[in-house]
Number of protein chains: 2
Amino acid sequence: MHTQLIAHIRKFVPISEEEAAVIASCTQVRQVKKKQPLLKEGQVCTTHYFVTKGVLRLYALTDRGTEQIIQFAIDNWWLSDYMSFDKQTPSGFYIQAVEDTTLLCIERSAQEQLFAQIPQLESYFRIVFQRAYAASLMRIQYIFCLTKEERYHHFNNAYPEFVQRIPQYMLASFLGFTPEFLSKTRAKKG
Amino acid sequence: MHTQLIAHIRKFVPISEEEAAVIASCTQVRQVKKKQPLLKEGQVCTTHYFVTKGVLRLYALTDRGTEQIIQFAIDNWWLSDYMSFDKQTPSGFYIQAVEDTTLLCIERSAQEQLFAQIPQLESYFRIVFQRAYAASLMRIQYIFCLTKEERYHHFNNAYPEFVQRIPQYMLASFLGFTPEFLSKTRAKKG
DNA sequence: CGATTTTTTGAATCATATCAACGTACGTGG
DNA sequence: CCACGTACGTTGATATGATTCAAAAAATCG
């Protein structure tokens, strides 16, 4: 399990075997079942999650009681409520497993120790967040520049395997429209 | 000019006077006039911009030839096309000054040297990007969970001074609706 | 001041949501 | 392994929020 994280880190920065062992010792493996919650609104988010296998979702409850999916995390993605994690304030989000998922968990305090011991990790996460931010801005571009139908086709072309893995109502929520609209769009051509 | 950047960095990580001098030596001050372009679609983005005074906008051209604003940068914000900057591929965006603006510019190669010489900068940018990513996800939440009218009021309450500084058609673009809609919304109450 | 840029206003149109009803699949316990 | 219940997906009719377009009014700039 840890080897997958170590391999991912080594794509970006060099770390020794000893450092890899330190990282492993500061992370806990965790198996979560489909629909199992990891964070609820009002809680302070104290954990940084790395998905080794499976899917997590970060979502919010809207005024009208519906769930709005803000982000997914799949294999080799990090997820947390970074606002709550950073400032140690109550979260406005939920984190939940979409399917049976294997995670590595790093507590905030452990992460801080790791940064102090292994400075390359600052570099690693700098790159991870830089890319996540860039991807998030691209997503905003798609949201504003494409119609909802185009958005669906674009996402479907970019991540066809992922689209197969998740329920349609979750995909609809993530893309910012209703399940009915997705159903009708799929009925048109494919 | 550099002192403002140094002060900002020191809010997050400690750096010595010598290190501050190295940072200053690797950055160029630049004054840009309103509407002056800093990046055009098709160019590779090789510069990281830090706004000390003024406003920049990152925008894309849509299929229909209109400008879609993806991000603003104001005092003490960093801006670049991080996708293009990171991978050294042609950008799909434009960067332009919204008003007369004072910038610090760091070339990609200079930034890499700085990271090698001053590891705390990795930590600084890790924090900067983590917050930018968190803010971007919050923005996606607002886009999906609020109506366009609510979005305007929310943004107007959160950043009233900024709203005064930029033309309404730019605010409308940033918030994802038309200038006409914004005009009609403002006519309602405030 | 005149010229350009930005904002306003109104009417017609369009994309997408909503609601309700029905169909299908799925997984859980008997 | 089947049957039942719940969760998920589809469909059509109607409603609505926001866009589009065009034109006029206001603000800003050289």
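**Entry 1. B:Arg165 and its partner**

I looked up B:Arg165 and found this residue partly exposed, with a relative accessible area of 36%. The model is a predicted one, and I read every value here as computed from it.

I then asked which side chain B:Arg165 meets in a salt bridge. The partner is B:Asp75, at 4.0 Å from N to O. B:Asp75 is also partly exposed, and its relative accessible area is 32%. I checked where the two residues sit. B:Arg165 belongs to helix H7 (residues 160-165) of chain B, while B:Asp75 lies in the loop between strand E5 (67-73) and strand E6 (78-79), so the salt bridge ties together parts that are 90 residues apart in sequence.

**Entry 2. The pair in chain A**

I turned to chain A and found a salt bridge between A:Asp75 and A:Arg165, with the closest N and O atoms 4.0 Å apart. This pair links distant parts of the chain: A:Arg165 is in helix H7 (residues 160-165), A:Asp75 is in the loop between E5 and strand E6 (78-79), and 90 residues separate them. I noted A:Asp75 as partly exposed at 32% relative accessible area. A:Arg165 counts as partly exposed too, at 37% relative accessibility.

I also noted a network of salt bridges that links A:Asp75, A:Glu99 and A:Arg165.

**Entry 3. Another salt bridge, and the total**

I next looked at A:Glu67, which forms a salt bridge with A:Arg57; their closest N and O atoms are 2.3 Å apart. The two residues are in distant parts of the chain, A:Glu67 in strand E5 (residues 67-73) and A:Arg57 in strand E4 (residues 56-61), 10 residues apart.

Is each of these residues buried or partly exposed? A:Glu67 counts as partly exposed, at 37% relative accessibility. A:Arg57 counts as buried, at 3%.

How many salt bridges does a search of the whole structure find? I recorded 18 over all chains.

**Entry 4. Cysteines**

I searched for disulfides and the count came to 0 over all chains. Why is A:Cys45 without such a bond? The closest cysteine sulfur, in A:Cys105, is 10 Å from the sulfur of A:Cys45, which is too far for a bond. The cut-off for the sulfur pair is 2.5 Å. In chain B I looked from the other residue: B:Cys105 is in no disulfide, and the nearest cysteine sulfur, in B:Cys45, is 10 Å away.

I added the accessibilities. A:Cys45 is buried at 2% relative accessibility. B:Cys105 is buried as well, with a relative accessible area of 5%.

**Entry 5. How chain A maps onto chain B**

I looked up the relation between the two protein chains. Chain A superposes on chain B by a rotation of 180°, with 0.0 Å of shift along the axis and an RMSD of 0.0 Å. That is the relation of a two-fold axis. I asked which residue of chain A comes closest to the rotation axis. A:Arg126 does, with its C-alpha at 2.0 Å.

**Entry 6. DNA strand C**

I counted 16 residues around DNA strand C, and the closest are A:Arg64, A:Lys148, B:Gln168, B:Tyr169 and B:Ser183. Of the strand's atoms within 4 Å of the protein, 68% belong to sugar or phosphate and the rest to bases.

I then listed contacts to phosphate oxygens of this strand. A polar side-chain atom of A:Arg64 lies 2.2 Å from one. For B:Ser183, a polar side-chain atom is at 2.8 Å. For A:Thr178, a side-chain N or O atom is at 3.2 Å. The elements that give two or more residues to the surface near strand C are H9 of chain A, and helix H8 (168-175) and H9 of chain B. H9(B) gives the most, with 4 residues. By class, I noted 5 nonpolar, 4 polar and 7 charged residues near strand C.

**Entry 7. DNA strand D**

Around DNA strand D I found 17 residues, of which A:Gln168, A:Ser183, A:Lys184, B:Arg64 and B:Phe181 come nearest. Sugar or phosphate accounts for 70% of the strand's atoms within 4 Å of the protein, and bases for the rest.

I looked up three contacts from chain B. A backbone N or O atom of B:Lys148 is 3.2 Å from a phosphate oxygen of strand D. The side chain of B:Glu180 has an N or O atom 3.4 Å from a base nitrogen. The side chain of B:Lys184 has one 3.4 Å from a base oxygen.

Which element gives the most to the surface near strand D? H9(A) does, with 4 residues. That surface divides into 5 nonpolar, 4 polar and 8 charged residues.

Definitions and conventions:
Residues are numbered from 1 along each chain as its sequence is written. Chains are lettered from A and ligands numbered from 1 in the order in which they are written. This is a predicted model: local features need pLDDT of at least 70, side-chain atom pairs count only at pLDDT 80 or more; totals for chains, interfaces and linings use all residues. Side-chain values use heavy atoms; hydrogens and water are left out. Buried means under 20% relative accessible area, exposed over 50%, partly exposed in between (1.4 Å probe, protein chains only). A residue is near a molecule or strand if one of its heavy atoms lies within 4 Å of it. A polar contact is a pair of N or O atoms within 3.5 Å; within protein, one must be able to donate a hydrogen and the other to accept it, and residues adjacent in sequence count only if both atoms are side-chain atoms. Ala, Val, Leu, Ile, Met, Phe, Trp, Tyr, Cys and Pro count as nonpolar, Asp, Glu, Lys and Arg as charged, and the others, Gly among them, as polar. Copies are superposed by least squares on the C-alpha atoms of residues with pLDDT of at least 70 in both.
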